[in-house]
Amino acid sequence: MTKKNAETPVTTVETLEAKLAVMRAAQRAYGQFSQEDVDRIFRAAAMAANKARIPLAKMAVEETGMGVVEDKVIKNHYAAEYIYNTYRNTKTCGVIEEDAAFGIRKIAEPIGLVAAVIPTTNPTSTAIFKTLICLKTRNAIIISPHPRAKKSTIEAARIVYEAAVAAGAPKDIIGWIDEPSLDLTNLVMKEADIILATGGPGMVRAAYSSGKPALGVGAGNVPAIIDSSADVRLAVNSIIHSKTFDNGMICASEQSVTALADVYDAVRAEFEKRGCYFLKGDEIKKVGNTVIINGSVNAKIVGQSAYKIAKLAGVDVPERTKILIGEVTSTDISEPFAHEKLSPVLAMYKAKTFEQALDMSEQLLMDGGPGHTASLYINPDEKEKLAAHAARMHACRIVVNTPSSQGGIGDIYNFRLTPSLTLGCGSWGGNSVSHNVGALDLLNIKTVAERRENMLWLRLPEKVYFKRGCMPVALDELGTVMGKKKCFIVTDTFLYQNGYVKPIENKLDQMGITHACFWDVAPDPTLQCAQEGVKQMKSFGPDVIIALGGGSAMDAAKIMWVMYEHPDVNFDDMAMDFMDIRKRVYTFPKMGQKAYFVAIPTSSGTGSEVTPFAIITDATTGTKWPLADYELMPNMAIVDVDNMMNQPRGLTSASGIDVMTHALEAYVSVMASDMTDGLALQATKLVFDNLPDAYNLGAKAPRAREHMAMASTLAGEAFANAFLGVNHSMAHKLGAYHHIPHGVANALILTYVMRYNASETPAKMGTFPQYEYPHALQRYCDVARYNGLVGKDDNETFDMLIDKLEALKKTIGIPASIKDFGVKEEDFLATLDEMTENAFNDQCTGANPRYPLMSEIKQLYLLAYYGKDTREAGKI
Amino acid sequence: MADRQIIEEKSYKTVYREGNVIIKAFTASHPMSGVFNEAYIHACILDAGVPAPKLLGVSQLDGGWAISMEYVAGKTLSELAQENPDRLDEYLERLVDIQLETGKYRVPQLRNTRLKMENAIKTLTDIDASTRYELLQRLHGMARHTKLCHGDLVPSNIVVKEDGSYAILDWAHASAGNAGADAAITYMRFSLDNPELAEKYLRLFCKKADMPIQYIQTWMPIVAAFQLTKHRESERPLLEKWISVAEYQ
């Protein structure tokens with residue numbers, strides 16, 4: 001094989017296009033190789049490049065006339081050995097990551113054809129680096145060498161290529177342009193799948209504007225600071241070691257040293273002692289104007305020795321001079337020494353303070369090498385200065401007490417910095433990457449994500465006590481077991497005046513628990529009421545709170561509990577809607593650190609004693625804050641029907657049908673689970689069987705009352721975990737806009753919403769992984785059958801359930817329509833659009849099995865208003 | 001022919017004035033397309049409203065082609081500067097203002113500056129291929145604009161009339177492109193005669209254009225190479241120095 005591409009050298013557009021075609025075919029074949037085969041080829045190629053490091057280094061220096069052979073040997077060695085070592089065990093083929101539990105799998109695929117532009121400064125090492133990472137990632141790579149370094153670049157590529165092919169890689173997996181020209185370079189960049197561009201800003205900009213994804217990197221102008229606390233000897237010798245490496249051609253090489261004033265002389269002396277030359281008088285100008293021409297670096301001095309550069313500038317220095325140092329003051333770009341010099345020429349600045357040194361470094365960096373590398377020599381204990389430096393420098397690599405040439409390329413002075421000869425400079429340098437580019441940048445990673453279901457839960461108060469007459473027994477625990485000392489009771493005026501608090505107070509007195517009572521809670525509790533209560537609560541300082549009442553008293557007590565435990569909470573934040581309670585933005589404060597919370601319901605309706613919900617209204621603005629978080633869950637619920645025997649009929653009716661709605665919505669919710677289904681089903685049965693008697697006979701039907709009490713709590717437990725649906729969303733707004741009791745509002749729309757939900761072809765279904773297909777109809781039929789209703793098919797069964805509900809509503813005195821309730825048509829229509837949008841936005845909407853469109857909600861409202869046939873809702 | 005006054009004589013053309021008419025007469029061997037192209041560019045910029053001498057015609061003259069245009073009464077900025085050296089700063093400022101003003105015109109019919117330079121650099125066989133490669137790479141990395149670039153906007157090409165208004169002469173090199181390139185050309189032309197004035201111009205231009213000096217400097221190797229295609233031996237040392245730069249790494 002000749003040194004050119006086999007057979008036809010690539011010198012024209014036609015030969016290049018032909019080459020790219022065979023390379024693409026080679027890559028398609030290589031893309032099928034196993035990890036084992038790829039690793040064998042990668043190893044063989046690295047070994048071959050490693051063995052050729054000296055001839056390649058010699059060739060590069062001879063051809064380009066730049067740099068130092070011995071240093072280029074190190075670079076070649078590094079490119080072969082360090083790159084191999086870093087990726088030897090890295091998975092780059094097929095499945096590289098798998099988590100069966102989460103159903104996630106990552107599969108690495110090659111990108112395809114990589115275009116690599118190689119600079120003159122590192123022609124062989126960069127070629128080795130890029131070909132090796134392409135082989136490791138099953139990519140083909142076409143190299144566009146710089147005309148000034150084409151022989152050595154191509155030779156490096158050829159050595160890697162031949163070793164790879166000998167180890168089994170497809171022929172033509174690596175290619176190159178034999179006669180580089182800008183047209184061919186541009187063509188390669190346009191044709192490739194990704195560009196790996198190392199070099200000057202012009203070329204990198206061209207890569208980015210080619211229209212293909214590019215991993216381009218920017219120019220450097222590395223500023224080094226030597227702090228007062230630094231080890232001066234280590235600092236100076238590190239800088240000399242780095243700056244003289246390959247005659248200063250590494251992009252991460254130091255271009256300036258800013259020494260703090262108190263160590264400046266010591267730094268200067270150490271540089272002199274180690275063979276660096278400080279330019280005197282007009283020598284600074286002479287060298288400056290030789291090194292920089294019109295703001296660009298003179299091509300003739302790049303990679304030359306200090307002696308040679310001095311000679312070009314007409315300055316006499318000893319032949320063994322290591323670095324020419326210009327002591328300058330300006331960091332402006334009008335100062336030649338402030339530029340990147342690509343040679344052993346260094347600027348030296350004096351800074352009065354560390355802050356000033358940061359200012360100077362940042363300016364040098366941003367003018368000459370934004371995003372590249374910055375260096376700092378400092379006592380590692382100076383944490384604040386280290387942090388200030390890292391914060392200030394717009395550099396993607398910040399090396400500390402490290403020669404930056406060898407340090408920036410990684411893995412030599414720090415073993416977690418990825419080894420690379422292509423250093424990303426981030427957006428500051430106009431690049432797409434800010435890290436050291438490596439093999440992983442040349443992969444397309446496919447993520448295979450299998451459907452997984454959310455973890456669900458069943459969360460209940462730690463203690464739910466029930467059975468008629470259980471209250472004093474349950475309360476006993478507060479004293480005898482828990483040793484509570486102070487109890488604060490929250491209730492409403494009616495209950496207080498009618499002696500409902502007395503048995504509790506008696507029990508507390510008996511146990512020696514002091515107590516206070518707030519009995520001013522009104523229906524739809526307000527923030528102002530809660531504030532009043534919490535004022536008393538704070539001065540009393542309870543270690544247990546007892547909420548006695550219906551939903552309003554229990555909600556008000558929960559809010560007071562929050563304000564008592566966390567006086568600084570913001571209700572707007574707490575009430576922020578969420579899609580998933582576990583992913584909500586707001587983290588609810590931890591409750592229960594000051595007081596234990598006991599809820600004792602006196603109506604069979606809200607289930608608030610076992611739910612994590614509470615609603616509070618700001619009376620001055622009218623804002624309602626629905627709060628939902630398991631932190632709001634009472635610690636103990638005491639369900640004693642003795643507290644409920646004498647509920648008025650209206651309350652029995654409204655709260656009873658509310659229970660039914662809770663149970664039905666929880667049962668068809670997208671979050672319904674086997675844990676909540678049983679609770680919900682049993683609640684429906686208890687309501688169907690007992691609500692008529694409870695309504696008609698009241699305290700004369702104690703068993704019916706007791707069953708309704710259980711139904712209420714069961715339904716509460718169900719919807720505390722499975723949540724509700726659009727029936728509640730609509731009822732919330734209907735009730736608020738038209739002053740309809742909550743339970744009645746639910747009842748007025750219940751059968752319409754059920755017909756609507758039961759559609760087998762909903763416009764949109766609810767989003768939840770567990771909710772697989774629209775199945776509300778089957779779920780409603782489960783309820784029907786549980787209640788003994790069996791038709792000839794699901795539709796008839798469902799009709800029977802609807803009929804039974806309509807009959808129940810009639811029995812307990814629910815009006816036939818919203819209109820019949822007494823809402824004026826003009827008032828209703830005037831608020832309809834607003835109600836619709838607010839109902840859509842209600843927190844309950846998300847769990848509905850059918851994701852409602854606003855127009856659909858509006859139709860439902862209208863049907864329910866006029867009391868139309870519920871079948872109409874089934875057609876929506 | 002008694003009042004024919006020769007203004008400029010070159011191997012391929014003679015420019016003279018006859019009363020209120022300026023005639024640019026090209027030799028018979030000068031390509032016809034070149035003459036018509038120059039007249040076309042001139043017509044385009046006049047159509048765009050750029051202040052320049054009125055074009056009167058293209059005609060045959062002594063076997064070659066000639067462009068005739070209106071003579072603009074007044075003095076060029078360079079004449080003014082020679083007459084009033086103490087007002088040099090004022091004239092420099094005028095130059096920069098006029099250059100920035102020119103850049104606001106859009107003349108889409110004109111050739112693209114970048115392509116023009118690219119073609120010129122490709123013909124520069126007396127510099128080595130690597131240098132050409134780097135120059136072209138640099139050119140490709142430059143931002144692509146469509147501002148009117150005169151291509152040789154020096155004080156001798158700007159006539160200030162008695163009423164203070166101005167006209168720009170010699171549109172042969174005009175193109176549409178990056179204003180930084182046009183400024184770099186002006187800077188280069190100053191540098192060939194008067195480096196100090198060149199620095200002054202550059203600072204003033206960048207300040208008024210709110211442009212970083214590096215931006216203009218990046219163009220310098222490119223415009224130097226472009227200028228080399230004119231093969232003026234006296235300019236060669238400076239221009240060769242300017243193109244011999246490496247890209248930052």
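## Nonpolar cores

The largest nonpolar core of this structure holds 211 residues, and the members that touch the most others are A:Ala45, A:Ala49, A:Val114, A:Leu132, A:Val160, A:Ala164 and A:Ile226. A second core, separate from this one, has 136 residues, among them A:Tyr564, A:Phe597, A:Leu691 and A:Ala711. In soluble globular proteins, nonpolar side chains tend to be buried together. The model described here is predicted.

A:Val114 may serve as an example of a core residue. Which residues does A:Val114 contact, leaving aside its neighbours within four places in sequence? They are A:Cys134, A:Asn139, A:Ala140, A:Ile141, A:Ala192, A:Asp193, A:Ile194, A:Leu196 and A:Leu442.

## Domains of chain A

The domain assignment divides chain A into four parts. Domain 1 is made of two segments, 13-92 and 110-216, while domain 2 covers 222-403. Domain 3 spans 460-644, and domain 4 spans 651-876. Between the C-alpha centres of domain 2 and domain 3 of chain A there is a separation of 70 Å.

## A three-stranded sheet in chain A

Chain A contains an open sheet of three strands, arranged in the order S1-S2-S17 with antiparallel pairing. Strand S1 (94-99) and strand S17 (443-449) of chain A are the edge strands, each pairing on one side only. From one strand to the next, the twist averages 20 degrees. Strands of a sheet pair through backbone hydrogen bonds, either parallel or antiparallel.

Five bridges join S1(A) to S2(A) in the antiparallel sense, and one of the residue pairs matches A:Asp99 with A:Ile104 in S2(A). These two strands form a hairpin with four residues between them, where A:Gly103 has a positive phi near 65 degrees. On the other pairing, strand S2 (residues 104-110) of chain A is antiparallel to S17(A) over seven bridges. Here A:Arg105 stands opposite A:Val448, and A:Glu109 has A:Asn444 as its bridge partner.

## Domains and a hairpin of chain B

Chain B is assigned two domains: domain 1 (4-70) and domain 2 (75-243). Their C-alpha centres lie 22 Å apart. How many residues of domain 1 of chain B are in contact with domain 2 of chain B? There are 10, and they meet 14 residues of domain 2 of chain B. On the domain 1 side, the residues comprise eight nonpolar, one polar and one charged.

A hairpin in chain B is formed by S4(B) and S5(B), with two residues between the strands. In its turn, B:Asp62 has a positive phi of about 50 degrees. Strand S4 (residues 55-61) and strand S5 (residues 64-70) of chain B are antiparallel and share six bridges; B:Val58 is paired with B:Ile67 in S5(B).

## Where the two chains meet

Across the interface, 21 residues of chain B are in contact with 29 residues of chain A. On the side of chain B, the elements giving two or more residues are helix H5 (129-140), helix H8 (213-228), helix H9 (236-243) and strand S11 (245-246). Which of these gives the largest share? That element is H5(B), with seven residues. The chain B side is divided into 10 nonpolar, eight polar and three charged residues.

Strand pairing also links the two chains. Strand S12 (residues 296-298) of chain A and S11(B) are antiparallel and joined by two bridges. Within this pairing, A:Asn298 stands opposite B:Val245 in S11(B).

Notes: Residues are numbered from 1 along each chain as its sequence is written. Chains are lettered from A and ligands numbered from 1 in the order in which they are written. This is a predicted model: local features need pLDDT of at least 70, side-chain atom pairs count only at pLDDT 80 or more; totals for chains, interfaces and linings use all residues. Domain bounds come from an automatic or database domain assignment. Two strands pair if DSSP finds at least two bridges between them. Axes are lines fitted to C-alpha atoms, for helices over the stretch in contact, and angles run from 0 to 180 degrees between N-to-C directions. A nonpolar core is a set of buried Ala, Val, Leu, Ile, Met, Phe, Trp, Tyr and Cys residues joined through C-beta atoms within 7 Å. A residue is buried if 20 or more other C-beta atoms lie within 10 Å of its own, exposed if 12 or fewer, and partly exposed in between; C-beta atoms are placed from the backbone. Two residues are in contact if their C-beta atoms, placed from the backbone, lie within 7 Å. Ala, Val, Leu, Ile, Met, Phe, Trp, Tyr, Cys and Pro count as nonpolar, Asp, Glu, Lys and Arg as charged, and the others, Gly among them, as polar.
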